[in-house]
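I opened my notebook to look around one chain and wrote down what I found. Come along and check each entry against the picture.

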Amino acid sequence: MKKLFLCCVFLWTLLAVPAYGKDLDLRGVWVSSVYNLDYPSQPGLSAAQLRQEADQIVSNAKSWGLNAIFFQVRPCADALYRSDIDPWSAFLSGSQGIPPDGGFDPLEYFIQ
């Protein structure tokens, strides 16, 4: 009974603490890379095309009033970033383990 009471007090405390300020809002979009659903649109694109698609996603998110992008960087036990552990994703180049054109790193580009 004591544990239940403490749990109720804890939950009430959480609900009683207001969150003020627009800067606390999280409005984001999920960018899926598996099966080339969102990014990249198809495997084998050049580094310039990958940059252009990334720029369009960021531009759209900004124009929609979003402040976060959740970028899927590990679609199928592979990576959309330079890694010593995981191979490059086949969704970038068409073949798993093969880097995209010029070794372009999509995660690094999105972060910048």
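**Entry 1: the surface**

How much area does the chain expose, and what share of it do carbon and sulfur atoms supply? I looked it up: the exposed area is about 7,800 Å², and carbon and sulfur atoms supply 60% of that. A reminder to myself: this is a predicted model.

**Entry 2: the layout**

Next I followed the chain along its sequence. I found 4 helices and 2 strands, and they come in the pattern α-β-α-β-α-α. Then I asked what share of the residues is buried. The chain has 112 residues, and 29% of them count as buried.

I also looked at contacts between residues with a separation of 6 or more. Of these, 53% are between residues 24 or more positions apart.

**Entry 3: a nonpolar patch**

Which residues make a nonpolar patch on the surface? I noted L26, W30 and F70, with a patch area of about 370 Å². I picked F70 for a second look and found it in strand β2. F70 counts as partly exposed because its relative accessible area is 39%, which falls between the cut-offs of 20% for buried and 50% for exposed.

**Entry 4: charged pairs**

Now for the charges. Side chains of opposite charge can pair when their charged atoms come close. I searched the whole structure and got 4 salt bridges.

I began with R27 and D25, whose side chains meet in a salt bridge at 3.7 Å from N to O. Are these two residues buried or exposed? Neither word fits: R27 has 31% relative accessibility and so is partly exposed, and D25, at 40%, is partly exposed too.

**Entry 5: a look at D86**

Where is D86? I traced D86 to the loop between β2 (68-71) and α3 (90-93). D86 forms a salt bridge with R74, and the closest N and O atoms are 3.3 Å apart. Both partners are in the loop between β2 and α3, 12 residues apart. The side chains of D86 and R74 are also listed as joined by a polar contact of 3.3 Å.

Is D86 buried or exposed? D86 has a relative accessible area of 17%, so I wrote down "buried", as the cut-off for that word is under 20%. Its partner R74 is partly exposed, at 41%.

I then asked which residues D86 is in contact with, leaving aside its neighbours within four places in sequence. My list has R74, D78, A79 and Y81.

**Entry 6: a small network**

My last stop was R82. R82 forms a salt bridge with D105, with 3.6 Å between the closest N and O atoms. Why does this pair tie together separate parts of the chain? R82 lies in the loop between β2 and α3, while D105 is in the loop between α3 and α4 (106-111), so the bridge connects parts that are 23 residues apart in sequence. I checked D105 as well: its relative accessibility is 10%, so D105 counts as buried.

One more residue joins in here. I found E108 linked with R82 and D105 in a network of salt bridges. If you have the structure open, try finding R82, D105 and E108 yourself and tracing how the network links them.

Technical notes
Residues numbered from 1 in each chain as written. Predicted model: local features only at pLDDT ≥ 70, side-chain atom pairs only at ≥ 80, totals over all residues. Heavy atoms only, no water. Buried < 20%, exposed > 50% of the residue type's maximum accessible area, 1.4 Å probe, protein only. Contact = heavy atoms within 4.5 Å. Areas by Shrake-Rupley, 256 points an atom, 1.4 Å probe, with all protein chains shown as cover. Polar contact = N/O pair within 3.5 Å; in protein donor to acceptor, adjacent residues only side chain to side chain. Patch = residues over 30% accessible without salt bridge, like charges linked within 9 Å, V, L, I, M, F, W, Y side chains within 5 Å.
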